[in-house]
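Could you take me through this structure one selection at a time, and tell me what I should see at each stop? I have it open in my viewer and have not looked at it before.

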Amino acid sequence: MSMILFASVVRVRDGLPLSASTDFYHSQDFLECRRRLKTLASRLAQHPGRGCAETRDFTIHFSSSGDVACMAICSRQCPAAMAFCFLETLWWEFTASYDTTCIGLASRPYAFLQFGLIIQKMKWHFNYVSSSQMKSSLDRIREELELQPPVVLTLGDTDVASGMVNGHTAMHLEPAPNFRMEPVTALGVLSLVLNIMCAALNLVRGVHLVEHSLQVAQEEIGNILAFLIPFIACIFQCYLYLFYSPARPLKVLLLLLSICLGNVYLHGLRNLWQILFHIGVAFLSSHQILTRQLQEKQSDCGV
């Protein structure tokens, strides 16, 4: 009889499932345990290290370290040492396969779905290979559990985590929505670099005129503004590309007009090629802002 029934690898900071085994259990109790596992995954940052939560027929075990946590649903007959030995082995295998950069940039559920085959093999190994062949590892885990027992969570803890207490919704303040943008592209990085360069050029020239504002004629104030306003517009273009903001098309249009009008006003202080360069960068940045959309929300479906 299988003792390790389901396993998944999740990202600690937000509970995003990175990979999982295929399960063939469709009983209501198991599906409820899966729901509790997902709820617990979103709170792993509050429970570092090892822990477990028991239901009537199953036990959820989790082990987290760094950016990655491994979780498993086991039968009540599964020894804790075996469960945590499995989770530790799974953690080492996953972190050896994927670096922290890939894990941190993952933006959709089950981004490393192919790792599920390795999870399946490890499940089979721990379920059907004699425990005597893993004796040294199990003995070490038992000693560690005796010295530092895992955190034991109750069903009430997972209910509160999902906003439910005895079947009633708990009152709490919702955080502001977290809008996730599509990944930054190479062309987007280029537009950011060029935009920062244009902003720096505008700032230097504008500050230079401000330093000599007492010695220049009154009409030079217009030139100062024609440098500083595009400088501010370039900075806001960078912000709009990196972060979500409502009414983006209108803001992009206003910033583009500010940069274009400012550079046209500076004709004489800048030659035609310099003006075309600044305006071209502004159009490139505007295009990148408008084409970088919000990422579609993925349904957290089972694997």
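Start by selecting Glu144, which is partly exposed at 28% relative accessibility in this predicted model. Now add Arg140 to the selection: the side chains of Glu144 and Arg140 meet in a salt bridge, with 3.1 Å from N to O. Both residues belong to helix 5 and sit four residues apart, about one turn of the helix. Arg140 is partly exposed too, with a relative accessibility of 34%. Next, bring in Arg50 and Glu88, because salt bridges that share partners join Arg50, Glu88, Arg140 and Glu144 into one network.

**Along helix 5**

Stay on helix 5 and select Lys135 and Asp139. Here is another salt bridge, with the closest N and O atoms 2.9 Å apart. Helix 5 covers residues 135-147, and since Lys135 and Asp139 are four residues apart in it, about one helical turn separates them. How exposed is each partner of this pair, Lys135 and Asp139? Lys135 counts as exposed, at 52% relative accessibility, whereas Asp139 is partly exposed at 26%.

**Where helix 2 crosses**

Now show helix 2, residues 80-97, together with helix 5. Their axes come within 9 Å and cross at roughly 105 degrees. An angle between 65 and 115 degrees counts as roughly perpendicular, so that is how helix 2 lies relative to helix 5. To see the contact itself, select Ala80, Ala81, Met82, Phe84, Cys85 and Glu88 on the helix 2 side. On the helix 5 side, pick Ser137, Leu138, Arg140, Ile141, Arg142, Glu144 and Leu145. You will recognise Glu88, Arg140 and Glu144 from the salt-bridge network at the first stop.

**A salt bridge with a buried partner**

Jump to Arg11 and Asp14. They form a salt bridge whose closest N and O atoms are 2.7 Å apart. Which of the two is buried, and which is partly exposed? Arg11 is buried, with a relative accessible area of 1%, while Asp14 is partly exposed at 29%. If you would like to hunt for others, a search of the whole structure finds 12 salt bridges.

**Cys52 and its surroundings**

Select strand 3, residues 49-54, and find Cys52 within the strand. Cys52 is buried, with a relative accessible area of 10%. What surrounds Cys52, if you leave aside its neighbours within four places in sequence? The contacts are with Thr59, Ile60, His61, Phe62, Val151, Val152 and Leu153. Try drawing a line from the C-alpha of Cys52 to that of Phe62: the two residues are 10 apart in sequence and 6.1 Å apart in space.

**Other cysteines**

How many disulfides does the structure hold? The count is zero. For an example, select Cys234 and Cys198. The cysteine sulfur closest to that of Cys234 is the one in Cys198, and at 5.4 Å this is too far for a bond. Cys234 is buried, at 3% relative accessibility. Cys70 is another buried cysteine to click on, at 0%.

**A backbone stop at Tyr110**

Go to the loop between helix 3 (100-105) and helix 4 (116-128), where you will find Tyr110. Most residues other than glycine have a negative phi. Tyr110 has a positive phi, near 55 degrees. Tyr110 is also buried, with 9% relative accessibility.

**Helices 9 and 10**

For the last pair, show helix 9 (residues 248-265) and helix 10 (residues 272-291). Their axes are 9 Å apart and the helices pack at an angle of about 175 degrees. Angles over 145 degrees count as roughly antiparallel, and helix 9 and helix 10 are therefore described that way. From helix 9, select Arg248, Pro249, Val252, Leu256, Ile259, Cys260 and Asn263. They meet Ile275, His278, Ile279, Ala282, Phe283, Ser286, Ile289 and Leu290 of helix 10.

**Zoom out**

Finally, show everything. The protein chain has 10 helices and eight strands. Of its 303 residues, 41% count as buried. Turn on the surface: the accessible area comes to about 17100 Å², and carbon and sulfur atoms make up 64% of that. Among contacts in the chain with a separation of 6 or more, 70% are between residues 24 or more positions apart.

How values were computed: Residues numbered from 1 in each chain as written. Predicted model: local features only at pLDDT ≥ 70, side-chain atom pairs only at ≥ 80, totals over all residues. Heavy atoms only, no water. Salt bridge = Lys/Arg side-chain N within 4 Å of Asp/Glu carboxyl O. Buried < 20%, exposed > 50% of the residue type's maximum accessible area, 1.4 Å probe, protein only. Helix = DSSP H or I, 4+ residues; strand = E, 2+ residues; numbered from the N terminus. Contact = heavy atoms within 4.5 Å. Areas by Shrake-Rupley, 256 points an atom, 1.4 Å probe, with all protein chains shown as cover. Disulfide = S-S within 2.5 Å. Axes fitted to C-alpha atoms, helices over the stretch in contact; angles between N-to-C directions. Parallel < 35°, antiparallel > 145°, perpendicular 65-115°, else oblique.
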